Amino acid sequence: MSARLILLGAPGAGKGTQAVKLAERLGVPAISTGDIFRANIKGGTALGKLAQEYSSRGELVPDEVTDSMVRDRLAEPDAAQGFLLDGYPRNAAQVAALDATLTEAGAALDVALELTVDPEVVVPRLLKRAEIEGREDDTEPVIRRRLDVYAEETAPISGLYAARGLLVQVDGLGEVDQVTERLLAAIDSRI
Ligand code: AMP
């Protein structure tokens with residue numbers, strides 16, 4: 001099945017966990033910009049060095065860098081029949097860049113899924129993840145900054161997709177498998 005999806009939601013909403021499960025069920029690659037940056041940071045590449053400067057402060061990596069990274073990734077053969085983007089786009093300019101990339105490829109998004117969660121649960125969840133995964137950007141001040149950036153730049157983009165009739169909001173609270181089933185049902189109703 002061809003499915004071109006993006007997964008929106010606050011930091012700590014469970015996007016990463018759900019993206020992997022959904023992609024598996026749909027047979028499309030899960031593409032997480034955060035994971036690609038982390039792999040580059042770990043590998044000590046030039047892209048990683050640049051990404052670290054921003055991600056360690058909870059800031060967005062500059063759009064030109066992120067947009068061209070996503071453009072290249074979407075041009076890989078495994079994304080030809082579909083993909084699930086996790087963590088991209090994250091601001092209005094990235095929405096426009098993704099539009100341009102897809103138009104150029106003669107493709108279009110099917111659904112923009114948004115995982116909704118109570119903001120109160122997000123900080124404790126991220127702090128717990130910090131203990132488990134040791135992510136450098138999961139310290140409390142950086143988490144606060146990421147949440148501010150999310151509220152200012154990322155949250156408004158769901159309105160852009162809603163205006164196109166592409167947005168489906170799904171309650172992200174509950175057991176992991178339960179949330180996956182909700183997301184799959186939401187996708188089924190759209191494609
Ligand atoms: P995430 O794993 O999605 O929370 O991303 C971790 C960090 O990577 C973010 O705080 C940003 O610094 C960077 N990042 C991930 N995706 C993007 C994006 N679409 N645009 C800019 N920076 C990003």
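## Strands, ligand shell and a cis peptide bond in a predicted model

A nitrogen atom of the ligand has a polar side-chain atom of Gln94 at a distance of 2.9 Å. Taken alone, the ligand exposes 480 Å², and 94% of that is buried by the protein. The structure described here is a predicted model. This report begins with the surroundings of the ligand and then turns to the strands and to the loop that follows strand 3.

**The ligand and its shell**

The ligand is surrounded by 16 residues, of which Thr33, Arg38, Glu59, Gly87 and Gln94 come nearest. By character, the shell divides into six charged, six polar and four nonpolar residues. Helix 2 (residues 33-43) contributes four residues, the largest share of the shell. The following table lists polar atom pairs between protein and ligand.

| Residue | Protein atom | Ligand atom | Distance |
|---|---|---|---|
| Thr33 | polar side-chain atom | nitrogen | 2.7 Å |
| Glu59 | polar backbone atom | oxygen | 2.6 Å |
| Gln94 | polar side-chain atom | nitrogen | 2.9 Å |

Thr33 belongs to helix 2. Is Thr33 buried or exposed? Its relative accessibility is 3%, so Thr33 counts as buried. When neighbours within four places in sequence are left aside, Thr33 is in contact with Thr66, Met69, Val70, Asp86, Gly87, Tyr88 and Arg90. Of these contacts, Asp86 is a residue of strand 3, and Gly87 is one of the residues that come nearest to the ligand.

**Strand 1 and its partners**

Strand 1 covers residues 3-9, and seven of its seven residues are buried, so the strand is largely enclosed by the rest of the structure. In a regular strand, side chains alternate between the two faces of the sheet. In strand 1, Ala3, Leu5, Leu7 and Gly9 point one way, while Arg4, Ile6 and Leu8 point the other way; all of them are buried.

Which strands pair with strand 1? One partner is strand 3 (residues 82-86), joined to strand 1 in the parallel sense over five bridges. Another is strand 4 (residues 111-116), which also runs parallel to strand 1 and is linked to it by five bridges. Leu7 illustrates both pairings: its bridge partner in strand 3 is Asp86, and in strand 4 it stands opposite Leu113. Arg4, for its part, has Phe83 as its bridge partner in strand 3.

**Strand 3**

Strand 3 is mostly covered, with five of its five residues buried. Gly82, Leu84 and Asp86 point one way from this strand, whereas Phe83 and Leu85 point the other way, and all are buried. Besides its pairing with strand 1, strand 3 is joined by three bridges to strand 2 (residues 30-32), and these two strands run parallel. Within that pairing, Ala30 has Leu84 as its bridge partner.

Gly82 lies in strand 3. With a relative accessibility of 0%, Gly82 counts as buried because buried means under 20%. Apart from neighbours within four places in sequence, Gly82 is in contact with Ala3, Arg4, Val28 and Pro29. Two of these contacts, Ala3 and Arg4, are residues of strand 1 and point opposite ways from it. The C-alpha atoms of Gly82 and Gly34 are separated by 19 Å, and the two residues are 48 apart along the chain.

**The loop after strand 3 and helix 8**

Most peptide bonds are trans. The bond from Tyr88 to Pro89, however, is cis, with omega near -5°. Pro89 is placed in the loop between strand 3 and helix 5 (92-104). Tyr88 is also among the contacts of Thr33.

Which residues does Ile157 contact, leaving aside its neighbours within four places in sequence? They are Leu8, Pro89, Arg90, Asn91, Ala92 and Val95. Leu8 is a buried residue of strand 1, and Pro89 is the residue that follows the cis bond. Ile157 itself lies in helix 8 (residues 157-163). At 1% relative accessibility, Ile157 counts as buried. Ile157 and Arg90 are 67 residues apart in sequence, and their C-alpha atoms are 7.5 Å apart in space. Arg90 is in contact with Thr33 as well.

Methods:
Residues are numbered from 1 along each chain as its sequence is written. This is a predicted model: local features need pLDDT of at least 70, side-chain atom pairs count only at pLDDT 80 or more; totals for chains, interfaces and linings use all residues. Side-chain values use heavy atoms; hydrogens and water are left out. Buried means under 20% relative accessible area, exposed over 50%, partly exposed in between (1.4 Å probe, protein chains only). Two strands pair if DSSP finds at least two bridges between them. Contact means heavy atoms within 4.5 Å. A residue is near a molecule or strand if one of its heavy atoms lies within 4 Å of it. A polar contact is a pair of N or O atoms within 3.5 Å; within protein, one must be able to donate a hydrogen and the other to accept it, and residues adjacent in sequence count only if both atoms are side-chain atoms. Accessible areas come from the Shrake-Rupley method with a 1.4 Å probe; for residues, only the protein chains shown count as cover. Ala, Val, Leu, Ile, Met, Phe, Trp, Tyr, Cys and Pro count as nonpolar, Asp, Glu, Lys and Arg as charged, and the others, Gly among them, as polar.
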